[in-house]
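Please look through the structure shown here, beginning with its enclosed and open spaces and then moving on to its surface, its charged pairs and its backbone.

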Amino acid sequence: MSAPAAASPRCRVLGIETSCDETSAAVVEGAGDDVTLRSLVILSQDVHRLFGGVVPEIASRAHLASIEPVVARALADAGLTLAELDAVAVTHGPGLVGALLVGVSYGKAIAFGAGVPVVGVHHMEGHLFATALEHADAVPPFTALLVSGGHTLLLDVEAWGRYRLLGATRDDAAGEAFDKVAKLLGLPYPGGRLVEQLAREGNPARYRLPRPMLRGNQRPGDDDYFDVSFSGLKTAVLGAVKAAPDLGAAKAHIARAFQDALVETLVEKTVRAVRLHDRDRVVLGGGVACNQALASAMRSRLEPRGVRVFTPSPRLATDNAAMIARAGLFRFEQGERAGLELNAYASLRMPGLV
Ligand code: KG4
Ligand code: ZN
């Protein structure tokens, strides 16, 4: 009789995220894909609204002021002390380098003090893992569309840690395009959510904006088959704004036309990726995954083909440390340990690209 397989030990990982304008800490506990979120604290830096965008130096200083209480609160909510952790996972890139340095330095210091190992996590790999915290089936193999303020990535995820980069943006990220369009329409930063709200009141037939990098005659292997580009779309919005005799009356229609063009492009590229790799699951991640028009367009195109679409709740879609702890737990289980020389990087290649 063969011995039953030994269950892998459950790990407790503290995650720290400070790559942009959220100071966040979280604790997860589990093994493999059986992972539970024990606590999550997110402190958003509202101050940047005054400037219409994130001011890096202000972000670093705000992280410095809040990192200690945020981490303490995440540990207290989880009912754990530092010494009871198996690892500290911290975002070490990509992002604002000064902001990242606060999390990296703090994470290393508390881990060193408690005698616990540190794991460096790539911010976008964190976004990839976020949905799995809420949906047990949002695990590989799947097609992933990561749409945040800084990145737009279309990936085929064969297994955790094995990622095929199919496409990316050639210029603005999807969230960045939303934020820039929000600014053109006179909305405050970050404007993605507000553009979506405005678009609900818009008439889709009033404006027709271009679908960049989307042609019916593109074939797999063409270098624009999976890539996207949003700067031309933003320029088209600017043209519509300038030409509108009464912007107040036109702006909901412009928002709707912009969102429709962006959503149709992202959905079409994702469908191509699903088809090419014959996947039956799609996982969305990043702040733009909060967008209901994107999620429902994705579902209505893919569900009739038997493909399930998983989206994270807004709290886990936008920047948070739960996703960093979750990705860190995977990296920790792979045997990864960072030394105290772990550094912060403004740009960083995603690990596991095949
Ligand atoms: O992932 P995230 O929190 O930060 C980065 O890693 O960049 O994404 C933030 C982005 C912002 O550009 C924000 O405007 C956008 O996500 N966003 C949305 C929505 N909610 C947040 N974009 C469109 N529709 C939304 N509902
Ligand atoms: Zn992010």
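A cavity is a set of grid points where a 1.4 Å probe fits but cannot get out, and a volume is the space filled by probe spheres set on the points. The model is a predicted one, and by this rule it holds one cavity of 30 Å³ or more. The largest cavity has a volume of about 50 Å³, and its lining is made by Leu145, Thr152, Leu153, Leu154, Gly167, Ala168, Phe226, Val228, Leu266, Lys269 and Thr270. The elements that give two or more residues to this lining are the strands β7 (152–159) and β8 (162–168) together with the helix α7 (247–277). Divided by character, the lining residues of the largest cavity comprise seven nonpolar, three polar and one charged.

From the cavity we turn to the open pocket. The largest pocket has a volume of about 1500 Å³, and among the 47 residues that line it, Asp21, Gly149, Asp179, Tyr189 and Pro190 lie nearest its centre. Two or more lining residues are given by each of β3, α3 (123–130), α4 (174–184), α5 (192–200) and α9 (314–317), and the largest share, seven residues, comes from α4. The lining of the largest pocket divides into 17 nonpolar, 18 polar and 12 charged residues.

Two of the residues nearest the centre of this pocket, Tyr189 and Pro190, are also joined by a cis peptide bond, for which omega is near -10°. Pro190 belongs to the loop between α4 and α5, and both of these helices give two or more residues to the pocket lining. A cis peptide bond is also found from Pro140 to Pro141, with omega near 5°, and Pro141 is placed in the loop between α3 and β6 (142–147).

The backbone has further features in its loops. Met213, in the loop between α5 and α6 (231–243), has a phi near 60°, which is a positive value in a residue other than glycine. Asp278 likewise has a positive phi although it is not glycine, with a value near 50°, and this residue is found in the loop between α7 and β9 (281–285). Asp278 counts as exposed because its relative accessible area is 68%, where the cut-off for exposed is over 50%.

On the surface, Val47, Leu50 and Phe51 make a nonpolar patch of about 310 Å². Phe51 is part of the loop between β3 (34–44) and α1 (56–78), and, because its relative accessibility is 48%, this residue counts as partly exposed.

What, then, of the charged side chains, and how many salt bridges does the structure hold? The structure holds 25 salt bridges, and one of them pairs Asp260 with Arg256, whose closest N and O atoms are 3.1 Å apart. Asp260 and Arg256 both lie in helix α7, four residues apart, which is about one turn of the helix. Asp260 is partly exposed, with a relative accessible area of 23%, and Arg256 is also partly exposed, with a relative accessible area of 23%.

Another salt bridge brings together the side chains of Arg281 and Asp280, at 3.5 Å from N to O. Is each partner buried or partly exposed? Arg281 is buried because its relative accessible area is 17%, whereas Asp280 is partly exposed because its relative accessible area is 42%; the cut-off for buried is under 20%.

The side chains of Arg299 and Glu303 also meet in a salt bridge, with 3.6 Å from N to O. Arg299 has a relative accessibility of 26% and so counts as partly exposed, and Glu303, at 42%, is likewise counted as partly exposed. Elsewhere, Asp172, Glu176, Lys180 and Lys234 are joined into one network by salt bridges that share partners.

A last position to consider is Gly98, which is found in helix α2 (residues 97–114) and is partly exposed, with a relative accessible area of 28%. Gly98 and Ala25 are separated by 73 residues in sequence, and their C-alpha atoms are 18 Å apart in space.

Conventions
Residues are numbered from 1 along each chain as its sequence is written. Chains are lettered from A and ligands numbered from 1 in the order in which they are written. This is a predicted model: local features need pLDDT of at least 70, side-chain atom pairs count only at pLDDT 80 or more; totals for chains, interfaces and linings use all residues. Side-chain values use heavy atoms; hydrogens and water are left out. Patches are made of residues with over 30% relative accessible area and no salt bridge: like charges are joined within 9 Å, nonpolar side chains (Val, Leu, Ile, Met, Phe, Trp, Tyr) within 5 Å. Accessible areas come from the Shrake-Rupley method with a 1.4 Å probe; for residues, only the protein chains shown count as cover. A salt bridge is a side-chain nitrogen of Lys or Arg within 4 Å of a carboxyl oxygen of Asp or Glu. Buried means under 20% relative accessible area, exposed over 50%, partly exposed in between (1.4 Å probe, protein chains only). On a 1 Å grid over the protein atoms alone, a cavity is a set of points where a 1.4 Å probe fits but cannot get out, and a pocket is an open set with protein on both sides within 12 Å along at least five of seven lines; lining residues have an atom within 4 Å of a point. Ala, Val, Leu, Ile, Met, Phe, Trp, Tyr, Cys and Pro count as nonpolar, Asp, Glu, Lys and Arg as charged, and the others, Gly among them, as polar.
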